[in-house]
Amino acid sequence: MADTRTKKSSTIKVIRSQPARPSKKRLNVAGGVLSFVWLAVVAVPLYWLVITSFRTQATFFTDKPLALPSDPTLDNYQLVLENDFWRYLANSAIVTIVATVLIVACAFLAAYAIARNGRGVSKATFSVLLLGLAIPLQATIIPVYLLIVEMGLYDTLIAVILPSAAFGLPIAVLILVNFLRDIPPSLFEAARLDGASEWRAMLTVALPLARPALATVAIYSGLNVWNGFLFPLILTQSEDKRVLPLALTTYQGLFTINVPAVVAAVVLSSLPVIALYILGRRQLLAGMTAGFGK
Amino acid sequence: MTVLATKRAEAKPRFGPPASLSVPALALFGFFAIVPLIIALGLSFTRWNGLGSPEWVGFDNWVTIFSDPAIAHSIWLTLGLMILSWVIQTPIAMLLGVFLAGHERYREILAVIYFVPLLLSSAAIAIAFRNLLDPNFGLFASGAIPFLDQNWLGDPDLAFITVTLIIAWQFIPFHTLLYQGGARQISQSMYEAAALDGAGRVRQFFSITVPQMKYTIVTSSMLMMVGALTYFDVIWILTQGGPGDATRILPLAMYQTGFVANQMGLASAIAIVLAVVGMTISLTITRLSGFSRMESQMEGE
């Protein structure tokens with residue numbers, strides 16, 4: 001009995017001195033070991049990528065693979081930039097921005113109707129989209145290809161934008177509906193009683209309040225479209241319609257065994273998202289798990 | 001008071017946005033997701049090379065799906081990838097997620113690095129590993145560590161596990177992020193109570209952390225399984241399904257049947273299999289997961 005009491009009081013002391021993590025008395029050996037093994041698993045390939053991109057083709061064969069480059073160079077980056085990198089980047093940017101705007105706009109309108117008026121068409125839309133959450137886009141590529149060809153859109157950026165936007169909608173609507181439902185309806189009623197139109201009530205009440213959810217949706221959808229590979233692969237063909245992920249396979253074919261140039265292309269293509277990560281890490285990570293993190 | 005509230009809930013709200021606001025989303029999604037699914041179902045009963053008009057062949061493609069050894073092989077590989085991915089990714093992601101839930105400075109620095117693979121596209125990851133594992137020019141080609149000096153992607157016995165591990169490298173950070181979020185929502189007081197009762201770290205992990213994260217586990221598992229069913233980009237760039245058919249999982253089999261061999265009917269049948277299995281997994285697990293929970297909470301209010 002006395003023994004238990006001393007144990008308790010010592011624990012309480014620990015709690016007082018370390019309010020955030022009371023149970024961290026003993027060292028977490030397993031966690032520590034795993035965390036450093038995983039650090040190596042993640043960091044070594046990334047380090048190899050960056051370090052290799054600065055090697056000349058000659059020193060790539062002579063240097064030790066993880067040593068600093070003996071003759072560092074930026075030639076590989078220049079080679080990639082000279083081989084249509086800016087065009088691929090522009091294509092990716094256009095596809096991502098237009099598709100994301102489409103997703104956010106369509107999803108916001110639908111989510112607003114569903115959240116405030118969950119009957120009839122709105123309710124049906126929500127059921128279809130919830131079901132659609134489970135449809136793998138891979139299963140639709142043959143008919144999507146046929147539809148795009150029929151519409152005369154094959155090998156255009158619009159051909160990539162439309163289906164990419166369509167498959168971004170279900171999760172976007174789900175996130176926004178869950179968010180908009182928490183806005184008290186009396187806010188809208190007050191706006192309406194003050195003489196605002198439905199449009200005005202939506203734009204002045206719902207839109208500003210939904211800003212954090214819209215940011216999440218934009219980040220999640222934007223990254224998915226930016227990284228998309230399958231739709232560009234089947235729906236475009238010519239070089240001037242190529243987006244970055246597809247262009248990486250082009251660079252691999254072009255540079256073949258010039259490994260430093262290939263990995264320079266990989267690094268360059270990843271820089272825009274890495275820049276976002278540096279600017280707003282928390283916001284980006286929160287956006288990545290979208291509704292799944294709850 | 002209660003009666004009044006119920007009455008008001010039942011009465012039509014005086015104001016409300018027109019339902020037509022949902023038309024753009026419905027039209028876009030219907031046209032590029034629902035309609036294609038119906039077309040694929042129709043095409044799965046035809047023979048068609050993509051030109052001319054499809055020829056009705058009844059259940060021929062479906063008989064092929066269930067009898068062709070190459071497709072059976074793809075189905076087994078897909079199932080294998082699904083199970084292996086879960087077995088490899090779940091324990092690592094869960095442990096890392098719980099570890100990163102702590103707010104110590106060094107853990108936050110580790111987290112910054114851990115999440116970098118999330119920033120790379122599938123194509124970037126595939127091209128990077130293709131070069132890193134190249135048997136002639138890659139990281140291990142010098143033979144400094146003989147065990148690692150293998151033809152990882154070119155050896156039919158190794159290619160499948162190599163691809164599975166690269167996919168794990170790509171997706172563990174995402175699931176770690178989910179588990180980190182799940183672990184941070186567990187109330188500290190539960191651990192304090194358990195510590196007072198003398199429960200050790202392992203006991204706490206299995207009696208508090210794991211049960212408290214069950215919604216995260218369900219969500220993460222669902223995404224992993226449906227993901228394994230639909231992996232395309234990474235495998236297509238790394239091996240194109242090879243060597244031979246060593247990594248030819250269903251989505252690759254479908255792509256090659258449709259766009260390389262021009263058998264649109266058979267490829268559509270494979271697509272329907274993918275859609276049905278994918279939707280069955282998601283809908284079954286979603287009933288237990290956070291989505292349906294969020295739904296019912298909302299409806300209960």
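Trainee: On the other side of H5(A), away from its buried residues, which residues are exposed?
Mentor: This is a predicted model, in which local features need pLDDT of at least 70, side-chain atom pairs count only at pLDDT 80 or more, and totals for chains, interfaces and linings use all residues. Residues are numbered from 1 along each chain as its sequence is written, while chains are lettered from A and ligands numbered from 1 in the order in which they are written. A residue is buried if 20 or more other C-beta atoms, placed from the backbone, lie within 10 Å of its own, exposed if 12 or fewer, and partly exposed in between. On the other side of H5(A), the exposed residues are Gly120(A) and Ser127(A).

Trainee: How many degrees around the axis do the buried residues of H5(A) cover?
Mentor: The buried residues of H5(A) are Ser122(A), Thr125(A), Phe126(A), Leu129(A) and Gly132(A). They lie on the same side of the helix, because the arc that they cover around the axis is only 125 degrees. That arc is taken from the directions from the helix axis to the C-beta atoms. An α-helix has 3.6 residues a turn, so residues three or four places apart point the same way. The arc asked for is 125 degrees.

Trainee: How far apart are the end C-alpha atoms of H5(A)?
Mentor: Helices (H or I, at least four residues) and strands (E, at least two) are DSSP runs, numbered from the N terminus. The expected span of a helix is 1.5 Å times one less than its number of residues. For the 13 residues of H5(A), residues 120–132, this gives 18 Å, which agrees with the distance between the end C-alpha atoms, 18 Å.

Trainee: Which helix of chain B do the buried residues of H5(A) pack against?
Mentor: Packing is a matter of contacts, in which the C-beta atoms of two residues, placed from the backbone, lie within 7 Å. Within chain A the buried residues of H5(A) pack against H4 (75–116) and H7, and from chain B they meet helix H2 (23–43).

Trainee: Which helix gives the largest share of the largest nonpolar core?
Mentor: A nonpolar core is a set of buried Ala, Val, Leu, Ile, Met, Phe, Trp, Tyr and Cys residues joined through C-beta atoms within 7 Å. Of the 169 residues in the largest one, Ala107(A), Ala111(A), Leu169(A), Val173(A) and Leu176(A) touch the most other members. The largest share, 18 residues, comes from residues 157–180 of chain A, helix H7.

Trainee: Which residue of chain B is among the contacts of Val173(A)?
Mentor: Neighbours within four places in sequence are left aside here. The contacts of Val173(A) are then Ala107(A), Ala110(A), Ala111(A), Leu129(A) and, from chain B, Ala25(B).

Trainee: How far apart in space are Thr164(B) and Leu81(B)?
Mentor: Thr164(B), in helix H7 (residues 156–184) of chain B, is buried, with 21 other C-beta atoms within 10 Å. Beyond its neighbours within four places in sequence, its contacts are Leu81(B), Leu84(B), Ser85(B) and Ile88(B). Although 83 residues separate Thr164(B) and Leu81(B) in sequence, their C-alpha to C-alpha distance is 6.6 Å.

Trainee: How many residues does chain B bring to its contact with chain A?
Mentor: Chain B has 14 helices and 2 strands, whereas chain A has 14 helices and 0 strands. On the side of chain A that touches chain B, the largest share, 12 residues, comes from helix H2 (residues 29–53) of chain A. The contact takes 87 residues from chain A, and from chain B the number is 80.
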